[in-house]
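Trainee: Could you take me through one part of this structure up close? I would like to follow the buried interior and the residues packed there.

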Amino acid sequence: MRGLPKLKVNFEYEKKQKDKAVKIPKAHVYNLSKVRKIVVGLLIVLVLYFAYVLVLANGVAIKNRELRHNITNLTARLDKASAGTTSYNPIVGQYLANFVTAYYTFDKSKSDAWLDKVTPYFAKNVTLSSSTNTEDMKLLQAKLNGIFTVDSIKTAQYNLTIDNDGKQNAMTVNVPYTQDNDKLTVIGLPYVANEIDSVGQVGKARFDKTGKTINDEAVTAKVQKFTKQFVQKYVSSSTKDMSLFMNNPVGLDNAVDLVSLDDSDIKVTGSSDKPIVTTKITVKVHGSDITQVQTIYLELKKQNSTYFVTKFLQA
């Protein structure tokens, strides 16, 4: 037994490792009902957001309208506040005093001399003739009520006392003028007006905005008829009564009498629905023989079978 070789048995064996489990990602399952709720929620949020934006926009629009309204009111108040203060200085006062004295001192036997004297005061586009004044008169007193602004036009208003054939007559007139440093020019004929309540007016630039002549004779005749009725109402009615016929009403309440207004003097342009009228009228200071020529500009709007005055200017 001693001589037998030793047997060496190797019992080593390879250990089997357990296979690792493969992780399979879970499938995402969407709940359709939940998705609908999310979408509806987003839509509601968007609707609310746009509604909020619209409310803000509407608020801005309202504020803008209020702002424009306030600006208009403030502008009107500034125009009123400027009465008696706008652009006044000794040069203006002396110039206008000289003009009023020259214009309202008239000797009909020397009408050409009167014309030569007053013409240099006026702008070149203002038409004057020896028949502008027809009765002898002399200015006794002139009181400056104020210098104010109407539609950006400087206007001086005077209370005048005029002698006519031994009678003293009082009247209130507006004198539209322009100023460039120390140079002044009267840009419209003086016209009888309510005290510090004139729609005031004036020169060629604004009267030129008349448009094409209306060729329809029926429309022209209708507008001319309305113009005559309106002018008669204007000279004889109060400001309150004129509110039925015009915007920004003004009436002379018999301060003057209408002497003449001919169809040939009534120029009608614009359109049949919105005609524009330029005409000259002759008026006489009530209770006297003092007459003067005034230019009237009307913008009309058709209203049923008649017209309504949307804008009224004088010179």
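Mentor: Happily; here is a walk through the core and one strand beside it in our discussion.

This is a predicted model, in which local features need pLDDT of at least 70, side-chain atom pairs count only at pLDDT 80 or more, and totals for chains, interfaces and linings use all residues. Residues are numbered from 1 along each chain as its sequence is written, and side-chain values use heavy atoms, with hydrogens and water left out.

Let's start with the largest nonpolar core, which has 62 residues. Such a core is a set of buried Ala, Val, Leu, Ile, Met, Phe, Trp, Tyr and Cys residues joined through side-chain atoms within 4.5 Å. Buried means under 20% relative accessible area, exposed over 50%, and partly exposed in between (1.4 Å probe, protein chains only). Leu96 is among the residues with the most contacts inside this core, as are Phe122 and Phe230.

Now look at what Leu96 touches. Not counting residues up to four places away in sequence, Leu96 is in contact (heavy atoms within 4.5 Å) with Ile147, Ala156, Tyr158, Val175 and Tyr177.

Next, find Thr155, which lies in strand S2, residues 153-164; strands are DSSP runs (E, at least two residues), numbered from the N terminus. Thr155 counts as buried because its relative accessibility is 0%. Leaving aside neighbours within four places in sequence, Thr155 contacts Gly146, Ile147, Phe148, Asn174, Val175, Pro176, Tyr177 and Tyr191. Ile147, Val175 and Tyr177 are therefore touched by Leu96 and by Thr155, under the heavy-atom definition of contact.

Definitions and conventions
Helix = DSSP H or I, 4+ residues; strand = E, 2+ residues; numbered from the N terminus.
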